[in-house]
Amino acid sequence: MKGQLLIPVILCSVMLTACGSSDSAKSEAYIANGAYDSYDSDYSYETSYENASAEESPAEADNGDNSAVSADTIKKEMLVYSCDMTVDVLNFDEAVDSFKESLDSYGGFVENESFSDGGSDSRYYYADEEKWRTYYATVRIPSADYDEFCGYAASLGDLRSKNASVENVSSEYYDLNTTLEIYEAKEQRYIDLLADITDDEYAVSVEKELTELQIQIAQIKTRMNQIRTDVAYSYVHISINEVREYTPEPVKKDTFLQRLSNTLSDAGSGFLSFLEGLLFVIIYLFPYLILIGIIIAIIIAIRKKTRARRAERAAKAAAAAVRMNYPQNTYHSPDKAAPVQNTPGEPITPGENAASENTTDETSSDNK
């Protein structure tokens, strides 16, 4: 029983294997016969680079190995060249003018540029300040004249540095072109679908999808135009620096008197600069100093008034205390001695008794 069931299973496996091999053979024959040539022929460019196409190397045609890439498969018309260079010149104005004239003769244009006179950022002008001018520019040159223009720019003076690079944008451009064809076909389907829609709500949703699709198509076209421009016009970043020829000066030795005179002159000029700076600082701080002085004067006046009031209060308190200790008509100034008068019935303190006795003795001695 098991042997009878095994025979149909083996026959099914053999038939499936044969079908798979026949399908793979058909697909290989389909690729080998150039069925994808129509896909490559659909690429069309709007520039002078439209008719270029990749050629398959002999090794790939014989062996059918697509992993190896030869130099012939690179689309040379889709290369973006760029160069950075720095040039030192003795005659700055002449070099810059010559560079701009050559740029016009080669049919290029300036994308951005900047100029610096090499002076300091100070607000003061120094007549004897040493300045070194610099001109920097990013220019676009037709790719056909790229090498020749770079050679001419390097000959303007002393070439200090140069860095060239190239970028292949063929794959990106072809991918964008394929995506654009798909989106445009989808766009046409949306347009045809809108013509037959009767439901308003459904029509609004389709129009929304169509609008988003058209925005993506516009972005793809913008990027493709940018790639074509970069391929047609190469980048050149150049910096022209002004330099001067070095001339050694003779060594000069100063005498003691000359060094002393120079030292005194430097000291005097430094002291005058210090006084000048101090004067400017005082003038700058003068309004603030006046305000601070007014505040200090107000504080001192308030403190004086407070002290006077406290002294007055203390004097009044002392006078009140004296009046409380000495009844009326019995208090005399300490400078003048006077007999102590007691009212009837008031006891005399020992101190007062002694004072009266002393006064009586002094009177009796004077009478004698």
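This dialogue goes through aromatic pairs, charges over rings and salt bridges in a predicted model.

Biologist: How many aromatic pairs does a search of the whole structure find, and what describes such a pair?

Modeller: A pair of aromatic rings is described by the distance of the centres and the angle of the planes. The search of the whole structure gives eight aromatic pairs. One of them is Tyr 284 with Tyr 288, a tilted pair with 6.4 Å centre to centre and 45° between the planes. Both residues belong to helix α8 (residues 256–325) and are four residues apart, about one turn of the helix.

Biologist: Is Tyr 284 buried or exposed?

Modeller: Tyr 284 counts as exposed because its relative accessibility is 60%, and the cut-off is over 50%. Tyr 288, at 48%, is partly exposed.

Biologist: Which ring does the charged end of Arg 140 sit over?

Modeller: The ring of Tyr 235, with the charged end 3.8 Å from the ring centre. Likewise, the charged end of Arg 244 sits over the ring of Trp 132, 4.5 Å from its centre.

Biologist: How many salt bridges are found in the whole structure?

Modeller: Nine. Among them, Asp 88 and Arg 160 meet through their side chains at 2.6 Å, N to O. This pair links distant parts of the chain, with Asp 88 in strand β1 (residues 79–89) and Arg 160 in strand β4 (residues 158–168), 72 residues apart. Asp 88 is buried at 10% relative accessible area, whereas Arg 160 is exposed at 55%.

Biologist: Which residues are linked in a network of salt bridges?

Modeller: Asp 93, Arg 133 and Glu 242. Within that network, the closest N and O atoms of Arg 133 and Asp 93 are 3.0 Å apart.

Note on methods. Residues numbered from 1 in each chain as written. Predicted model: local features only at pLDDT ≥ 70, side-chain atom pairs only at ≥ 80, totals over all residues. Heavy atoms only, no water. Phe/Tyr/Trp six-rings, centres within 6.5 Å; stacked < 30°, edge-to-face > 60°. Helix = DSSP H or I, 4+ residues; strand = E, 2+ residues; numbered from the N terminus. Buried < 20%, exposed > 50% of the residue type's maximum accessible area, 1.4 Å probe, protein only. Lys NZ or Arg CZ within 6 Å of the ring centre and 35° of its normal. Salt bridge = Lys/Arg side-chain N within 4 Å of Asp/Glu carboxyl O.
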